[in-house]
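The following exercises examine how elements of a structure are arranged. Please study the sequence and the model before reading each solution.

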Amino acid sequence: MVVILGELGGEDEYGVVEAFKRGEIKKPLLAWVSGGCARMFPQEVQFGHAGAKSGSERTSAQAKLEALKAAGAHVPLSFEKFPELIKQVFDDLVAKGVIVKFEEPKVPALPTDFTEAVRTGKVRRPTNIVSTICDDRGDEPLYGGLGVRTLVDQGAEVGDVISLLWFKRQLPKYATKFMNLILMLVADHGPCVSGAHNTIVAARAGKDLVSSVCSGLLTIGPRFGGAIDDAARVFKRGHDQQIAADVLVETMKKEGKKIPGIGHRIKSANNPDARVELLSQYAKANFSSLSYFSYAKKVEQYTLSKQVNLILNVDGTIATLFLDLMVSTGQFSSSEIDEVVDTGYLNGFFILGRTIGLVGHSLDQSRLKQPLYRHPWDDVLFDS
């Protein structure tokens, strides 16, 4: 069946009439033409758009309905009766077998609007970031669950903040003061070391503070300041597996590996590093366990028999003493200590502390208005 809805104005409906008469439309035709009320107005009325206007009797709604009905189309008495007529013709075609009814497919449910679903608690939007150390959604930032006001009231220092943000726990005061001591002692080591040198060169090239400091930070690695984690891994393995100091040294020598945390370019047994002495003195006065440090000193004793500058350096000292710190506090399980070492927490102390010095070097060069640095030719071996 074909259902059409026309309107007054124009002659398109007459085209349907002629097609129906010629048999080109073979299905039952049901039709209604809107606009019959136009005759109730004393003058011509336009309905909705320019074409919906009857300019003659032929294009009126009534004339079109009569033509459709005369051609054999089904035309209701009024528009309100149109649905009844459609159902009547449909049921008649079904009864005659012209139309075979079938079970309507199940209409899929429209997805719920996501915003509405979240608002009503029907779904939870997956997060892009997971953070377990800080929450700033309230009146004040929370560091490891503690508000910054509370930390200030407790007289907290940088070590206490590190304790919460890095290790997610409040460590005892002697432990956080040891962290402060580390940061103080590694803050700078003069302008000639890799990090400071890079920062100075960048600053003298006119780079901004951030760029200059990053230039220095990027030199940190296994050869400069980044040996703390590796030292912790080596000494922890040797200590936990009860490997004799000489065996550890000779084994790594056969493997072609240097022992991280051992050796210094300038300092030696005859010219000890004051930083190592200060760290060890503090630990001896405050830690309940120095087992890892003692093991490292045994390794040093053996390496010094080989060469006078193969001392336990500041990296090795920080590494082993921090292992002893975690044991002394009693707040770290064996697996948590392994996680700290394997994840690379300890190099963070050198990075954080040395940043203080690198900022100082960059500002120093800017303050002194130093010109672009160029390395002198007489300090380069040109080997062509």
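**Exercise 1: a first helix pair**

Helices H8 and H9 are roughly antiparallel to each other, and the task is to work out why. This is a predicted model, in which local features need pLDDT of at least 70 and side-chain atom pairs count only at pLDDT 80 or more, while totals for chains, interfaces and linings use all residues. Residues are numbered from 1 along each chain as its sequence is written, and side-chain values use heavy atoms, with hydrogens and water left out.

Solution. Step one is to locate the elements: H8 covers residues 194-204 and H9 covers residues 209-217 (helices are DSSP runs of H or I with at least four residues, strands are runs of E with at least two, numbered from the N terminus). Step two is the geometry: the angle is about 150 degrees, and the axes lie 7 Å apart (axes are lines fitted to C-alpha atoms, for helices over the stretch in contact, and angles run from 0 to 180 degrees between N-to-C directions). Step three is the rule: angles over 145 degrees count as roughly antiparallel, under 35 as roughly parallel, 65 to 115 as roughly perpendicular and the rest as oblique. Hence the description of H8 and H9 as roughly antiparallel.

**Exercise 2: a second helix pair**

Describe how H14 and H15 pack and which residues meet.

Solution. First, H14 (residues 314-329) and H15 (residues 334-343) pack at about 155 degrees, with axes 11 Å apart. That makes H14 roughly antiparallel to H15. Next, Leu 323, Met 326 and Val 327 of H14 meet Ile 337, Val 340 and Val 341 of H15 (contact means heavy atoms within 4.5 Å). Finally, by class, this contact of H14 with H15 has 6 nonpolar, no polar and no charged residues (Ala, Val, Leu, Ile, Met, Phe, Trp, Tyr, Cys and Pro count as nonpolar, Asp, Glu, Lys and Arg as charged, and the others, Gly among them, as polar).

**Exercise 3: strands**

In which sense do strands E1 and E2 pair, and over how many bridges?

Solution. E1 (residues 2-7) pairs with E2 (residues 29-34) in the parallel sense, over 6 bridges (two strands pair if DSSP finds at least two bridges between them). Within this pair, Glu 7 stands opposite Ser 34 in E2.

**Exercise 4: an open sheet**

State the strand order of the open sheet of 3 strands and identify its edges.

Solution. The order is E3-E4-E5, with antiparallel pairing. Strands E3 (134-135) and E5 (146-147) stand at the edges, each with a single partner strand, so one side of each is left without a neighbour in the sheet. Between E4 (residues 142-143) and E5 there are 2 bridges, and Tyr 143 has Leu 146 in E5 as its bridge partner.
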